[in-house]
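Here is a short tour for anyone meeting this protein for the first time. Have a look at the model, and then we will walk through some of its parts together.

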Amino acid sequence: MRSSEAEKLINARPSTVWDILTDTSNVAVWESGITAIDGDMRNGGTIRVRTNGNERGGLRMRVQQLPGEVMRWRAALPLGLLHRTFIVILSTEARLTHLRIRHELGGPLSPFAGKTLPATPVVLQTFVEAVGKRAELLDRHL
């Protein structure tokens, strides 16, 4: 299994960060690297994620979440041939919000799936920096 991770301490409330992460209608407005999310961003919902460089079909993912704390987007082929998981974790640290995102890619077909939704450490770090920038513009509280 390949994985990469990025994290950031954000000077905003966890609720603001969560709202940014789950607001599918505005995801293309800020520099997230995601151009569109279609579908139902709720626990048990299904979304289709399109990213820069992958505008065609996008990747269909199942959403699992504990609202305000943890969200998981998971795409999988039958028989475990390929699975891709994004895990978003929010916690509070010294009045700051700690955002951590982890991307996991596994299964026998994983070497062929890298371009469907790239999540290199640089891409993930760019994403968390963009979330932090937007959250601090909307809700700087220190």
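Arg 13 is partly exposed, with a relative accessible area of 44%; partly exposed is the range between buried (under 20% relative accessible area) and exposed (over 50%), computed with a 1.4 Å probe and protein chains only. Its partner in a salt bridge is Asp 139, with 2.9 Å between the closest N and O atoms. A salt bridge here is a side-chain nitrogen of Lys or Arg within 4 Å of a carboxyl oxygen of Asp or Glu. Because Asp 139 lies in helix H2 and Arg 13 in the loop between E1 and helix H1 (14-22), the pair ties together parts that are 126 residues apart in sequence. Asp 139 itself is buried, at 10% relative accessible area.

Before going further, a word on the model: it is predicted, local features need pLDDT of at least 70, side-chain atom pairs count only at pLDDT 80 or more, and totals for chains, interfaces and linings use all residues. Residues are numbered from 1 along each chain as its sequence is written, and side-chain values use heavy atoms, with hydrogens and water left out.

**More salt bridges**

How many salt bridges does a search of the whole structure find? The search finds seven. Three of them are set out here.

| Salt bridge | N to O distance |
|---|---|
| Asp 139 and Arg 13 | 2.9 Å |
| Arg 102 and Glu 5 | 3.0 Å |
| Asp 40 and Arg 42 | 2.4 Å |

In the last pair, Asp 40 is partly exposed at 33% relative accessible area, and Arg 42 is partly exposed at 43%. Glu 5, Arg 100, Arg 102 and Glu 104 are joined into one network by salt bridges that share partners. Within that network, the side chains of Arg 102 and Glu 5 meet. This pair links distant parts of the chain, with Arg 102 in strand E7 (residues 96-106) and Glu 5 in strand E1 (residues 2-10), 97 residues apart.

**The overall layout**

The protein chain has two helices and seven strands, where helices (H or I, at least four residues) and strands (E, at least two) are DSSP runs numbered from the N terminus. Read from the N terminus, the order is β-α-β-β-β-β-β-β-α. Strands E2 (residues 34-39) and E3 (residues 46-51) run antiparallel and are joined by five bridges; two strands pair if DSSP finds at least two bridges between them. Ile 34 has Thr 51 in E3 as its bridge partner. Six residues sit between the strands of this hairpin, where Gly 44 takes a positive phi near 90°.

**Inside and outside**

Of the 142 residues in the protein chain, 41% are buried. The largest nonpolar core (buried Ala, Val, Leu, Ile, Met, Phe, Trp, Tyr and Cys residues joined through side-chain atoms within 4.5 Å) has 31 residues, and Trp 73, Leu 99 and Val 131 have the most contacts inside it. Helix H2 (residues 121-139) gives the most to this core, with six residues. Leaving aside residues up to four places away in sequence, Val 131 touches Ile 10, Val 17, Ile 20, Leu 21, Trp 30 and Leu 99, a contact being heavy atoms within 4.5 Å.

On the outside, Leu 77 lies in the loop between strand E5 (70-76) and strand E6 (83-93). Leu 77 counts as partly exposed because its relative accessibility is 40%.
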